[in-house]
Amino acid sequence: MTPPRTTAAASGVQQFEVSHEVMANAIRALAMDAVEQAKSGHPGMPMGMADVATVLVTRFLKFDPSEARWPDRDRLVLSAGHGSMLLYALLYLTGYEDMTIEEIERFRQLSSRTPGHPEHGHARGIETTSGPLGQGLANAVGMALAERLAAAHFGPELVDHDTYVIASDGDLMEGVSHEAISLAGHLGLSKLIVLYDDNRVSIDGPTELTVSDDQPARFRAAGWDVQAIDGHDPARIHEAIVRARTAAAPSLIACRTTIAYGAPTKAGTAAAHGAPLGPDDVAGARERLGWPYAPFVVPDEVLAAWRAVGARGADAYRGWRARLGKLDEATRAEFERQLRHVPVIGHIEDRGEGVVAQQRVLRDDACGKLLDLGGHPAGSSGNQHGVVRIGPARRTDRARRPQVPHGGRSASCPMCPTADRAASVSVFDASA
Ligand SMILES: Cc1ncc(C[n+]2csc(CCOP(=O)(O)OP(=O)(O)O)c2C)c(N)n1
Ligand SMILES: [Mg+2]
């Protein structure tokens, strides 16, 4: 089959020469071929979510593969880490240097950049390690919160990005996701968008075997904006993301999909969750999807269309660099300090009783300086403001950890690494 040359979706938004369907099929083919070659992996999820991912990445995601750590890039977190080939295919197709076709061919092999579940640091573009279900979503809530805080400090010229999460049934079953969903709703993290692979299939069969939660209702109850769509309809996916990006609350888009979309016998079944499709279903999927190419071959025009998507972010990156360059020196230094997680050090005045400051500061007795905790130090409820009390310097060796009262934390100054010089510093609740 020759890939269709036109394309424009009903909404008139798609501008590429290769159709949405063909671009999504490139993801499906790479996923099924890589899993087949490795003789292990999860082809179903990438094949099911290929349409959603294609709409998101080709039309919305702000990123630049040659500047993978651009601080103001949109984050894309694959919480359903078992579907790692979805992410690896996207990184390869959009042109991240680390993710070559050879790495895709070495999926799940020792020392490859393409382990079974994504590992942060193995290849640029992998925002966080995921695999333990639920955690990616929780990490993403943290990322969205970090964006909110940084934007409040530095303004939208410098910090203005969205955090997208691809999550599966298993992610939403995990308790950790519940707490994270609750917090995101409470804080109104409106730039967080969860694309839920609502495929009604999990590891052992239909989800009805194990879970009866009304997931959209659960998110609604936590204050989220919720939509439910056909996850194979590009126009609906597009509309839903447009709405989610302007919603005043975090957004859940429940995308009804078919696991292993295109596979003749395994689509829609748990058999496609975590095992190769097998040669018959792979051949059948090639036929059904209209993808006649050999394993790991993405035709030049299809790859070029994907690479054009990757190249599109360079202008936005350059614009951001220019704005960064116009900052005054102190603001820029502070921005860079926060990016590098370097603590603030500064002298403080002891106001007697050992109570010296409220929130965000720690003093280390060994050097008499303040450490920036970057948050509420006592970690307690709103009416119990954290305060710092400077105690006598104590040894902080393994045998004798400093006593930390309920609601407190202790820390040593990173500038004073010698164990017997490092003072213990406790953070108490003011009300304690
Ligand atoms: C915390 C945690 N528990 C168990 C697993 C093992 N596990 C991997 S995938 C999966 C089921 C996932 O089902 P679903 O999320 O619906 O994915 P799909 O079959 O739709 O791809 C499980 C239980 C895991 N990865 N993490
Ligand atoms: Mg599922």
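A residue is near a molecule if its C-beta atom, placed from the backbone, lies within 6 Å of it. With that in hand, here's the predicted model: 21 residues sit around ligand 1, and Met45, Ser168, Asp169, Gly170 and Ser202 come nearest. The chain has 432 residues, 45% of them buried, and holds 13 helices and 13 strands. Of its contacts with a separation of 6 or more, 71% are between residues 24 or more positions apart.

**How far to trust it**

- Averaged over the chain, pLDDT comes to 83, and 75% of the residues score at least 70.
- Residues 1–14 are one stretch to treat with care: pLDDT stays under 50 there, and the model has 26 contacts for them beyond four places in sequence.
- Residues 345–432 also have a pLDDT below 50, with 154 contacts in the model beyond near neighbours in sequence.

**Around ligand 1**

- Which elements supply at least two residues each to the shell? They are α2 (44–59), α6 (169–173) and β4 (201–202).
- By residue class, the shell around ligand 1 splits into 11 polar, seven nonpolar and three charged residues.

**Strands β1 and β2**

- Strand β1 covers residues 75–78, and its side chains alternate: Arg75 and Val77 point one way, Leu76 and Leu78 the other.
- Whichever way they point, all four of those β1 residues are buried, Arg75 included.
- β1 pairs with strand β2 (residues 163–168) in the parallel sense, over four bridges.
- Within that pairing, Leu76 has Tyr164 of β2 as its bridge partner.

**Ser84 in α3**

- Ser84 belongs to helix α3, which spans residues 84–94.
- Buried or exposed? Ser84 counts as buried, because it has 28 C-beta neighbours inside 10 Å and the cut-off for buried is 20 or more.
- Leaving out residues up to four places away in sequence, Ser84 touches Leu78, Gly116, His117 and Pro118.
- One of those partners, His117, is 33 residues from Ser84 along the chain, yet their C-alpha atoms are separated by 5.5 Å.

**Helix α9 and what covers it**

- α9 runs over residues 234–246, so to speak a 13-residue rod: from first C-alpha to last it reaches 19 Å, close to the 18 Å expected at 1.5 Å a residue.
- Its buried residues are Pro234, Arg236, Ile237, His238, Ala240, Ile241 and Ala244.
- As background on that spacing, an α-helix has 3.6 residues a turn, so residues three or four places apart point the same way.
- The cover over the buried residues of α9 includes the helices α1 (20–38) and α2, plus the strands β3 (192–198), β6 (225–230) and β7 (251–256).
- Ile237 is a handy residue to follow within α9; it is classed as buried because 26 C-beta neighbours lie inside 10 Å.
- Beyond residues up to four places away in sequence, Ile237 touches Asp51, Val52, Val55, Ile229 and Gly231.
- Ile237 and Ile253 are 16 residues apart in sequence, and 8.7 Å lies between their C-alpha atoms.

**β7 and its two partners**

- Five of the six residues of β7 are buried, so the strand is largely enclosed by the rest of the structure.
- β3 runs parallel to β7, with six bridges joining them; here Tyr196 stands opposite Ala254 of β7.
- β6 also pairs with β7 in the parallel sense, again over six bridges, and Asp225 has Ser251 of β7 as its bridge partner.

**Positive phi outside glycine**

- Lys39 isn't a glycine, but its phi is positive, at about 60°.
- Where is Lys39? It lies in the loop between α1 and α2.
- Lys39 is exposed, because there are 9 other C-beta atoms within 10 Å and 12 or fewer counts as exposed.
- Phe296 is another non-glycine residue with a positive phi, near 70°, and it lies in the loop between α10 (279–289) and α11 (300–311).
- Phe296 counts as partly exposed, because it has 15 C-beta neighbours inside 10 Å.

Terms used:
Residues numbered from 1 in each chain as written. Chains lettered and ligands numbered in written order. Predicted model: local features only at pLDDT ≥ 70, side-chain atom pairs only at ≥ 80, totals over all residues. pLDDT = per-residue confidence, 0-100. Contact = placed C-beta atoms within 7 Å. Nonpolar A, V, L, I, M, F, W, Y, C, P; charged D, E, K, R; others polar. Pairing = 2+ DSSP bridges. Expected span 1.5 Å × (residues − 1).
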